Amino acid sequence: MRARHVVKRLQREVLYLLRVIAIGRTDHTAREPAGKERGHVKDGCFSVVATDGNSKPKKFSVALEYLAHPPFVKLLDAAEAEFGFSQKGVLLIPCEARVLQNILSSSAIVGIKKC
């Protein structure tokens, strides 16, 4: 039940961010890693940053379908526990970049589009 609540709340946040991007505001991207182009996300996707506190943060573009994908939802639960729901801008995920990359790569097999 808690995971459904997290997914619904994140879906609302992602839709809000997509609307912000569509109208051209860029202040929501203030926490993106330096050197990355800001504000450019494909339709149906959202940005997350994998950060474990030890290695350099890495930005990923993630399809909205992942909001219902169990391994990704576990990462969202971890993000809620560590950072809460008050995050603004790019969603921080507390894990190593390789862990997130593995989840995104393995899910491509089941038909989730790549962003």
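This is a short talk on one predicted model, built around its sheet, its core and a loop.

Let me start with the sheet. It is open, has 3 strands, and follows the order β2-β1-β3 with mixed pairing. β2 and β3 are at the edges with a single partner strand each, so each of them has one side without a neighbour in the sheet. From one strand to the next, the twist averages 40°.

Now the pairings. β1 and β2 are antiparallel and are joined over 6 bridges. If you want one bridge to look for on that side, take Val49, whose partner in β2 is Lys59. On the other pairing, β1 and strand β3, residues 91-93, run parallel and are joined by 3 bridges. There you can look for Ala50, whose bridge partner in β3 is Ile93.

A helix goes with this sheet. α2 lies across β1, β2 and β3, and its direction makes an angle of about 100° with β3.

Next, strand β1 by itself. How many residues of β1 are buried? The count is 6 of the 6, so the strand is largely enclosed by the rest of the structure. In a regular strand, side chains alternate between the two faces of the sheet. For β1, one side carries Cys45, Ser47 and Val49, the other carries Phe46, Val48 and Ala50, and all of these are buried. Both faces of β1 are therefore covered.

I will take Val48 as an example from this strand. Its relative accessible area is 0%, and because buried means under 20%, Val48 counts as buried. What does Val48 touch, once residues up to four places away in sequence are set aside? The list is Lys58, Lys59, Phe60, Val62, Phe72, Val90, Leu91, Ile93 and Leu100. One of these, Val62, is 14 residues from Val48 along the chain, and the two C-alpha atoms are separated by 7.2 Å.

That brings me to the core. The largest nonpolar core has 23 residues, and the members that touch the most other members are Val48, Val62, Phe72, Leu76, Ile93 and Leu100. Where do the core residues come from? At least two come from each of α1 (2-22), β1, β2, α2, β3 and α3 (97-107). The largest share is that of α2, with 5 residues.

Now the aromatic rings. There are 2 aromatic pairs in the model. In one of them, Phe46 and Phe72, the ring centres are 6.1 Å apart and the planes meet at 70°; edge-to-face begins over 60 degrees, so this pair is edge-to-face. Phe46 is in strand β1, residues 45-50, while Phe72 is in helix α2, residues 70-83. The two are 26 residues apart, and the pair links distant parts of the chain. Phe46 and Phe72 are both buried. Together with Tyr66 they make up one aromatic cluster.

Last, the loop between β1 and β2, where β2 covers 58-63. I will compare two residues there, Thr51 and Asp52.

Thr51 has 17% relative accessibility, and because the limit for buried is under 20%, it counts as buried. Apart from neighbours within four places in sequence, Thr51 is in contact with Pro57, Leu92, Ile93, Pro94 and Cys95.

Is Asp52 buried or partly exposed? Asp52 has 26% relative accessibility, and since partly exposed runs between 20% and 50%, it counts as partly exposed. Not counting residues up to four places away in sequence, Asp52 touches Cys95 and Glu96. Asp52 and Cys95 are 43 residues apart in sequence, yet their C-alpha atoms are 4.8 Å apart in space.

The side chain of Asp52 also has polar partners within the loop region. One of its polar atoms lies 3.0 Å from the backbone nitrogen of Asn54. The side chain of Asp52 also reaches the backbone nitrogen of Ser55, at 2.9 Å.

To sum up: β1 has 6 of its 6 residues buried, and the strand order is β2-β1-β3. Val48 of β1 is among the core residues that touch the most other members. In the loop that follows, Thr51 is buried and Asp52 is partly exposed.

Methods. Residues numbered from 1 in each chain as written. Predicted model: local features only at pLDDT ≥ 70, side-chain atom pairs only at ≥ 80, totals over all residues. Heavy atoms only, no water. Phe/Tyr/Trp six-rings, centres within 6.5 Å; stacked < 30°, edge-to-face > 60°. Helix = DSSP H or I, 4+ residues; strand = E, 2+ residues; numbered from the N terminus. Buried < 20%, exposed > 50% of the residue type's maximum accessible area, 1.4 Å probe, protein only. Contact = heavy atoms within 4.5 Å. Pairing = 2+ DSSP bridges. Polar contact = N/O pair within 3.5 Å; in protein donor to acceptor, adjacent residues only side chain to side chain. Core = buried A, V, L, I, M, F, W, Y, C linked by side-chain atoms within 4.5 Å. Axes fitted to C-alpha atoms, helices over the stretch in contact; angles between N-to-C directions.
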